[in-house]
Structure formats: structure tokens, C-alpha cells
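Here is a set of short exercises, each with a worked solution. Have a look at the structure first, then work through them at your own pace.

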Amino acid sequence: MDPSHLQTIEILKAAKPLFDNGAGYWVAAVGALGAIGGAFAAYVPNRLMARHQREELRKSTAFQLYSEIRATLEVVQHRGYIDSLREILVAFDSKAISSWNYTVQVPDERFIIFKSNLGNLGLLPPSAQGQIVLLYQLLEAVTQDIKPGGMLNAAPAGREAFAEALTLCERAVAIAKQILGDIEKLYPDAALAPTGRAIPLVNV
């Protein structure tokens, strides 16, 4: 039986004489108050511990997503994906090309932290939840376009396909930076490097 149910039964047993005539009134009253006090004393620490555990899980979820989003931005910047798309569009506009193939090798297992924390997104503020889901949908859409067999390489693609891919990338970057900023407001230490210095947001 649940411990809380046992506590309730004990309280009722102790309080029953209060409704009977007899000399045991004060003894019963003291016993009832003691039972209530004991139940309350057990409830408060459990409640505080549950709240603490929830906050720790919330913080852990936010930190893990922050790390993955931050790493994704840095990879995009380091490998120049967006710059490449912009250069291809320039080539289209200058009539240097009329079609092009663009391929990026991507792992089959990606966005592992996001997927493993889907069940914990509800701990984050509602506005952050929506933005995080939207971000990863955009990232997955871009990935489908640029991976082998995707829209940008299955057959020579035209300017419109590259313009759409660039728009999705730029929107994803903007949302990613907003999410990082929102997490830093919740937990300022999220932006600290191991050396303790703040890492500036990457420019993509």
C-alpha cells in the first residue's frame, strides 16, 4: 500500500475519538495532531526533492541541446555550407551555370541529443519548445536536400532549388542563435567555456 495511504489511515484512526464522548478526547487530539505533523514533515522534503530533481533535469536538457545546437552552428560555419550556396547562386545569376550538383556527406545517425531528449522538451518554456522543434525540422529538411540522392544532387538542380536551400539554412541559423540566447538567459553559465570565458555566438 502507498505510504501516503497508510498515513491517512493513521490520521483517521487517531482522529476518530474526537467525535466520541469520553475522557480520551485530549489524548486523541494530541495523537491526531502528531499524525498530521508527521505526515506534513514527510511531505515537504519529498516535495522539495521532486522539485529539485525536475529543475536539474530541465537544466541538463537545456545544456545538452545548447551544446548540440552550438556545435551544429560551428560545423556549418567551419565547412562553409552557407557560403557555398551563396556562391552557387552568384554563379547562376551571372549566367556562369544553368544547373549544378551539390552533395554533402552526412551521418545516418544525426541530432542524437535532440532525439534522446524529446521526452524532456516539456520541461522547457513553451516558446523554446516550439523553436527547438522547428529548428530541427529545418535542419532535417536541409540535410535531405544536400545528402547523396537529395534534391540538390540527384539530378542537376536549378537556381530555385539552391535558393530554397539557402533560405532554409539562413532561417535555421537565425532560430538557432535565438534558442542559444534564450537558454543563456535561463542559465547564463551555459555559454561558458571550460576555461570560464564566455564564447561569442558564431557568425554564419
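## Exercise 1: one residue and a pocket

Task: place T72 in the fold and describe its surroundings.

Solution. Start with the element: T72 lies in helix α2, where helices (H or I, at least four residues) and strands (E, at least two) are DSSP runs numbered from the N terminus. This is a predicted model, in which local features need pLDDT of at least 70 and side-chain atom pairs count only at pLDDT 80 or more, while totals for chains, interfaces and linings use all residues. Residues are numbered from 1 along each chain as its sequence is written, and side-chain values use heavy atoms, with hydrogens and water left out.

Next, check accessibility. T72 counts as partly exposed because its relative accessibility is 21%; buried means under 20% relative accessible area, exposed over 50%, and partly exposed in between (1.4 Å probe, protein chains only). Then look across the chain: A176 is 104 residues away from T72 in sequence, yet their C-alpha atoms are separated by 9.1 Å.

Finally, turn to the largest pocket, with its volume of about 590 Å³. Its lining has 27 residues, and T72, V75, V76, F111 and T143 are the closest to its centre. On a 1 Å grid over the protein atoms alone, a pocket is an open set of points where a 1.4 Å probe fits, with protein on both sides within 12 Å along at least five of seven lines; lining residues have an atom within 4 Å of a point. The volume is the space filled by probe spheres set on the points. Helix α2 gives the most to this lining, with seven residues.

## Exercise 2: a second threonine

Task: is T61 buried or exposed, and which residues is T61 in contact with, leaving aside neighbours within four places in sequence?

Solution. T61 is also found in α2. With a relative accessible area of 0%, T61 is buried. Its contacts (heavy atoms within 4.5 Å) beyond those neighbours are N117, N120, L123 and L124.

## Exercise 3: helix lengths

Task: compare the span of helix α5 with the expected value, then do the same for helix α3.

Solution. The expected span is 1.5 Å times one less than the number of residues. For the 21 residues of α5 (residues 126–146) that gives 30 Å, and the end C-alpha atoms are 31 Å apart, which agrees. Helix α3 (residues 81–93) has 13 residues and reaches 19 Å, close to the expected 18 Å. After α3 comes K95, with a positive phi near 65 degrees.

## Exercise 4: the core

Task: which members of the largest nonpolar core touch the most other members?

Solution. A nonpolar core is a set of buried Ala, Val, Leu, Ile, Met, Phe, Trp, Tyr and Cys residues joined through side-chain atoms within 4.5 Å. Among the 46 residues of the largest one, the answer is L85, Y102, I132, L135, Y136, L152 and F162. Its largest share, 14 residues, comes from α6. L85 is one of the buried residues of α3, and beyond its neighbours within four places in sequence, L85 is in contact with Y102, L152, F162, A165, L166 and C169.

## Exercise 5: confidence

Task: which element has the highest mean pLDDT, and which the lowest?

Solution. pLDDT is the predictor's confidence in each residue, from 0 to 100. Helix α3 has the highest mean, 97, and helix α1 (residues 3–15) the lowest, 54. Over residues 193–202 the pLDDT is below 50. Where pLDDT is low, the predicted coordinates should not be read in detail.
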